[in-house]
Amino acid sequence: MAWPLSCLAFRLRGGYFAVGTWVIAEVVRLIVVRFDSLGAASGRTLSEPRSA
């Protein structure tokens, strides 16, 4: 999956590369969240800081 995405991303230059890689990352994130077999939205959460 990384090879085709990198071919697409490395054709972009300058600001287009920055925005393009951001869009690719968001699309991959949405795909992972959509499917339970890929982990869905079951990530770890941050706990509330404890007061000393």
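**Exercise 1. Place valine 27 in the fold and state which helix holds this residue.**

Step 1. Valine 27 is found in helix H2, residues 15-34. Helices are DSSP runs of H or I with at least four residues, strands are E runs of at least two, and both are numbered from the N terminus.

Step 2. The model is predicted: local features need pLDDT of at least 70, side-chain atom pairs count only at pLDDT 80 or more, and totals for chains, interfaces and linings use all residues. Residues are numbered from 1 along each chain as its sequence is written, and side-chain values use heavy atoms, with hydrogens and water left out.

Step 3. Now the whole chain. It has two helices and zero strands.

Step 4. Valine 27 has a relative accessible area of 42%, so this residue is partly exposed. The classes are buried (under 20%), exposed (over 50%) and partly exposed in between, with a 1.4 Å probe and protein chains only.

**Exercise 2. Find which residues make the nonpolar surface patch of about 410 Å².**

Step 1. Apply the rule. Patch residues have over 30% relative accessible area and no salt bridge; nonpolar side chains (Val, Leu, Ile, Met, Phe, Trp, Tyr) are joined within 5 Å, like charges within 9 Å.

Step 2. Read off the members: Val19, Val23, Val27, Ile31 and Phe35.

Step 3. Set the patch beside the chain total. The accessible surface of the chain is about 5,100 Å², and carbon and sulfur atoms hold 65% of that. These areas come from the Shrake-Rupley method with a 1.4 Å probe; for residues, only the protein chains shown count as cover.

Step 4. Check burial. Of the 52 residues, 6% count as buried. Glycine 20, in helix H2, counts as buried at 14% relative accessibility.

**Exercise 3. Classify the pair formed by the rings of phenylalanine 10 and phenylalanine 17.**

Step 1. A pair of aromatic rings is described by the distance of the centres and the angle of the planes.

Step 2. Rings of Phe, Tyr and Trp (its six-membered ring) pair if their centres lie within 6.5 Å; planes under 30 degrees apart are stacked, over 60 edge-to-face, the rest tilted. The count is one aromatic pair. The centres of phenylalanine 10 and phenylalanine 17 are 6.2 Å apart and the planes stand at 10°, so the pair is stacked.

Step 3. Locate phenylalanine 10: the loop between helix H1 (2-9) and H2. Phenylalanine 10 is exposed at 55%, while phenylalanine 17 is partly exposed at 30%.

Step 4. Add C-alpha distances. Phenylalanine 10 and threonine 21 are separated by 9.2 Å; glycine 20 and phenylalanine 10, by 9.5 Å.

**Exercise 4. Identify the side chains that meet in a salt bridge.**

Step 1. The criterion is a side-chain nitrogen of Lys or Arg within 4 Å of a carboxyl oxygen of Asp or Glu.

Step 2. The whole structure has one salt bridge. Arginine 29 and glutamate 26 form it, at 3.2 Å, N to O.

Step 3. The two residues are three apart in helix H2, so about one helical turn separates arginine 29 and glutamate 26.
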